[in-house]
Amino acid sequence: MPEDKSRPSTGQEKSVRDLRNALGGFVTGVTVVTTEIDGERCGFTANSFCSVSLDPPLVLVCIGKTSSNFSKFQKADHFCINVLAEAQRDVSQQFATSGVDRFEGIACETGALGSPVIPDSLSWFECAMHDRFDAGDHEILVGRVEDYGYGTQSPLAYFRGNYVLFELEKQIAGYPKHGGNFGVILEGPGGVILEETGRDGMLKLPSAPKLGTPEAKDGLYGHLMSLGIEFGIEFVFAVWEEDNADGFSVYYRGTASNTPETDRLKTFQVDEIPYDRLGPYEARLLTRYAEEHASQNFTIYSGTSTKGDWLHPGERAGTA
């Protein structure tokens, strides 16, 4: 029987990081799980949530044993699972950050069982603790749904360690076919790929006036193919409109499996990018990319102005 090369021969050959990458191919929603213990509110971000039973109404969520909230949830007899809407990326990040007041700035309501309910969530389920199960480095919390509510917003989705933004994608799709600028930060085997502009050694990110198709050389896809790059465009990195609303820019993140050996293309390791050879906006985009690359905690900017320091962390649209 031929060897199935799609599977490793032993589990020892794959790293934990690699397993996380494989599991990241399953698209999930994002939740914040909250409770109140002895007058103290606590909560954490989780995407390990699912429905278990309709009769009786049971749901489950997992909490890591290394979580700063683990000991508190060990004592909890109720909790609320808040399914986040797309506009709540900042809430997701806040409840995933250690050493901060995770409830700061969030005017939670109190559910019938006493758990904090996050306003404007896509849906929420207040649960009485039904059961617990040990599960390796996590514990499974099974809740019996006692109360719930839901809205009609777009969901906050998570895929391969990044947010999927449905409304932003629709916004991009609605832009006119011309008058824009579509670019990509591609990281290949040799580093980030940049193009020579032909002007005094200046460089730029690959870009085109439209996204296009592989067959259309005036689009970003066709341009990359004409350069001989084997690439994948994966996630939105920044979207903004000019102040006069007549122009817009969309930049993506992606990967390349090769870097063709041409005088036109240059590659630089992330910590060696020559910012002085880039235009101001691309220098700022790549400065942010380098900062976030170090932690693999990428954010998405979306806005309506190219003026001001819109790359500051406080003005980013959300964490990926």
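Which residue forms a salt bridge with E146? Keep that in mind while reading these notes on the model, which is a predicted one.

1. **The opening pair.** The partner of E146 is R144, and their closest N and O atoms lie 3.9 Å apart. A salt bridge here needs a nitrogen within 4 Å of a carboxyl oxygen, so this pair counts. How open are the two residues? E146 has 45% relative accessibility, so it is classed as partly exposed. R144 comes out at 36%, so it is partly exposed too. As background, side chains of opposite charge can pair when their charged atoms come close.

2. **A link across the chain.** Next, have a look at E195 and R264, whose side chains meet in a salt bridge with an N to O distance of 3.0 Å. These two sit in distant parts of the chain, 69 residues apart. E195 belongs to strand β14 (residues 191-196), while R264 lies in the loop between β18 (248-256) and β19 (265-268). Is E195 buried or exposed? E195 is buried, because its relative accessible area is 0%. R264, at 42% relative accessibility, is partly exposed.

3. **A pair inside a helix.** E292 and R288 form another salt bridge, with 3.3 Å between the closest N and O atoms. Both are in helix α6 (residues 280-295), and because they are four residues apart, about one helical turn separates them. Both E292 and R288 are buried. Elsewhere, E195, K204 and R264 are joined into one network by salt bridges that share partners. The total for the model is 10 salt bridges.

4. **The seven-stranded sheet.** Now for the strands. Seven of them make an open sheet, and if you walk across it the order is β3-β2-β6-β9-β10-β5-β4, with antiparallel pairing. At the edges are β3 (40-46) and β4 (49-54), each of which pairs on one side only. From one strand to the next, the twist averages 35°. If you're new to sheets: their strands pair through backbone hydrogen bonds, either parallel or antiparallel.

5. **Who faces whom.** Some of the pairings are worth tracing by eye. Strand β2 (residues 31-37) runs antiparallel to β3 and is joined to it by seven bridges. In that pairing, E36 has R41 of β3 as its bridge partner. Strand β5 (residues 57-64) also pairs in the antiparallel sense with β10 (residues 138-150), over seven bridges. There, V61 is opposite L141 in β10.

6. **The β9-β10 hairpin.** How many bridges join β9 (residues 123-135) to β10? There are 12, and the two strands run antiparallel. Find C127 and you should see V145 of β10 opposite. The hairpin has two residues between its strands, and G136 takes a positive phi near 65°.

7. **Where to be careful.** Average pLDDT for the protein is 82, and 82% of the residues score at least 70. Among the elements, strand β6 (residues 78-83) has the highest mean, 97, and strand β21 (residues 318-319) the lowest, 37. Residues 1-11 fall below 50, and this stretch has two contacts in the model beyond near neighbours in sequence. Residues 306-320 are also below 50, yet that stretch has 48 such contacts. Where pLDDT is low, the predicted coordinates should not be read in detail.

How values were computed:
Residues numbered from 1 in each chain as written. Predicted model: local features only at pLDDT ≥ 70, side-chain atom pairs only at ≥ 80, totals over all residues. Heavy atoms only, no water. Pairing = 2+ DSSP bridges. Axes fitted to C-alpha atoms, helices over the stretch in contact; angles between N-to-C directions. pLDDT = per-residue confidence, 0-100. Contact = heavy atoms within 4.5 Å. Buried < 20%, exposed > 50% of the residue type's maximum accessible area, 1.4 Å probe, protein only.
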